[in-house]
Amino acid sequence: MRPRVLSGMRPTGSLHLGHYHGALKNWVRLQDQYDCFFFVADWHALTTHYEERDVIEKNVYEMVIDWLAAGLDPEKSTIFIQSRLPEHAELFTLLAMGTPLGWLERVPTYKDQIEKLKDRDLATYGFLGYPLLQAADILIYKAAYVPVGEDQASHVELTREVARRFNSLYGRAPDFTEQVAAALAKLPKDDQRYFEKQRKAFGETGAAEALAKGEGILKKAAASVEGWTAHDGELLAGHLKGSGKTILVEPQALYTENARLPGLDGAKMSKSYGNAVLMRDEPDTVAKKIRGMVTDPARVRRTDPGTPEKCPVWALHQVYSDAATQDWVCKGCTTAGIGCLECKQPVIDAIVTEQKPWFERAAAFTANPKQVHWIVEMGTERARTVARQTMKDVREAMGISY
């Protein structure tokens with residue numbers, strides 16, 4: 001079987017070019033290499049938009065149509081809706097019982113989002129706990145990889161820590177504690193105390209430095225402690241990391257190539273900022289939006305030379321234009337040989353060309369909404385089969401019977 005990949009998106013409605021080049025393009029590529037599970041994260045949308053449930057419901061299928069238009073193939077990928085699977089909520093609840101509060105409070109995006117979304121009341125348990133819900137989404141499908149950008153790597157690392165802690169609590173042999181105590185007793189007293197200090201620090205913070213120091217004690221023991229065995233080293237290595245029998249799989253971050261497209265105002269492209277070009281904007285709309293896009297502020301007049309690196313349109317050329325066109329843009333901009341409208345036209349043409357197959361595929365699904373519902377229904381049932389098996393394993397490990 002191919003390794004499994006899992007990813008999801010909040011249902012924000014029709015997607016824009018930033019979504020495509022930041023994630024969807026990679027999803028389409030990954031489905032030919034991995035067993036891909038892609039889900040509509042409608043519960044996640046509620047963590048910040050819990051008062052807008054009607055909008056979320058409407059947006060779910062619009063977003064799925066954009067996925068299909070971009071090239072996701074339901075024969076290759078499992079497409080489903082998070083809220084249709086209560087197993088996600090069950091695993092989230094059970095993981096919450098043993099996840100330290102401090103782990104959630106230190107997720108970088110937690111304070112960042114509170115700062116950016118000051119207009120919303122985010123002093124809720126749902127918002128604080130969303131990284132743990134995200135961990136449950138991943139762990140319930142035993143995904144080997146999660147495609148992310150570097151700014152989301154902390155979420156994957158939290159998921160790994162949660163899985164490690166769960167396996168430590170519920171995946172140990174009955175005499176695990178006695179075996180650990182016997183191995184620790186072979187260490188000099190000072191090394192015992194130091195090792196336990198590093199184990200505690202790693203368990204609380206996940207600090208790589210603490211892990212490395214603990215592993216250093218084990219290397220030292222292997223070279224100098226009389227009667228030390230490889231089993232002792234493996235046992236204490238697992239104790240240090242907090243691991244036991246693998247019930248929940250620790251995923252790896254899959255850093256995929258992605259492009260961050262600027263919006264029409266030069267800021268990050270976002271529908272909430274009103275600066276986005278939608279995947280299914282009509283050609284005339286695309287042309288109007290791109291022609292009105294901000295450029296290098298130094299080019300006040302047509303005769304003023306500019307600097308491509310200071311112009312948001314240049315970032316679009318790096319995605320959409322070939323080397324010859326980029327060279328033409330650089331020379332024309334820096335010498336004032338071309339105007340900004342001339343510079344923008346190749347981008348407009350390239351976007352319209354890119355959109356053509358999206359329109360064709362989307363039209364078929366829009367005309368037959370029952371087909372879209374059926375695709376989601378089938379994907380949800382496939383996902384349910386996997387989720388139920390994981391919850392069976394989790395319940396058995398925790399001693400909870402059906």
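The following legends describe an overview and several close-up views of one predicted model.

In this predicted model, local features require pLDDT of at least 70 and side-chain atom pairs count only at pLDDT 80 or more, whereas totals for chains, interfaces and linings use all residues. Residues are numbered from 1 along each chain as its sequence is written, and side-chain values use heavy atoms, with hydrogens and water left out.

**Figure 1. Overview of the chain, with 17 helices and five strands.** Helices (H or I, at least four residues) and strands (E, at least two) are DSSP runs numbered from the N terminus. The C-alpha trace spans about 80 × 50 × 45 Å along its principal axes. Of the 402 residues, 47% count as buried; buried means under 20% relative accessible area, exposed over 50%, and partly exposed in between (1.4 Å probe, protein chains only). The accessible surface comes to about 20100 Å², and 54% of this area belongs to carbon and sulfur atoms; the areas come from the Shrake-Rupley method with a 1.4 Å probe, and for residues only the protein chains shown count as cover. Among contacts (heavy atoms within 4.5 Å) between residues at least 6 apart in sequence, 79% join residues at least 24 apart.

**Figure 2. Aromatic pair Phe39 and Phe80.** A search of the whole structure finds eleven aromatic pairs. Of these, Phe39 and Phe80 form a stacked pair, at 5.7 Å centre to centre and with 25° between the planes. Rings of Phe, Tyr and Trp (its six-membered ring) pair if their centres lie within 6.5 Å; planes under 30 degrees apart count as stacked, over 60 as edge-to-face and the rest as tilted. The pair links distant parts of the chain, since Phe39 belongs to strand S2 (residues 35-40) and Phe80 to strand S3 (residues 77-81), 41 residues apart. Both Phe39 and Phe80 are buried. Phe37, Phe39, Phe80 and Tyr141 form one aromatic cluster.

**Figure 3. Surroundings of Thr78 in strand S3.** Thr78 is buried, with a relative accessible area of 5%. Not counting residues up to four places away in sequence, Thr78 touches Cys36, Phe37, Phe38, Gly379, Arg382 and Ala383.

**Figure 4. Aromatic pair Phe166 and Tyr170 in helix H8.** The two rings form a tilted pair, with 4.8 Å centre to centre and 50° between the planes. Phe166 and Tyr170 are four residues apart in helix H8 (residues 153-170), and are therefore separated by about one helical turn. Phe166 is buried, at 3% relative accessible area, whereas Tyr170 is partly exposed, at 31%.

**Figure 5. Arginine side chains over aromatic rings, at Tyr130 and Trp103.** Arg10 lies over the face of Tyr130, 5.9 Å from the ring centre. The charged end of Arg165 sits over the ring of Trp103, 5.9 Å from its centre. A charge sits over a ring if NZ of Lys or CZ of Arg is within 6 Å of the ring centre and within 35 degrees of the ring normal.

**Figure 6. Surroundings of Gly129 in helix H7 (residues 125-139).** Gly129 counts as buried, at 2% relative accessibility. Leaving aside neighbours within four places in sequence, Gly129 is in contact with Phe92 and Leu104. Gly129 and Ala96 are 33 residues apart in sequence, with a C-alpha to C-alpha distance of 8.4 Å.
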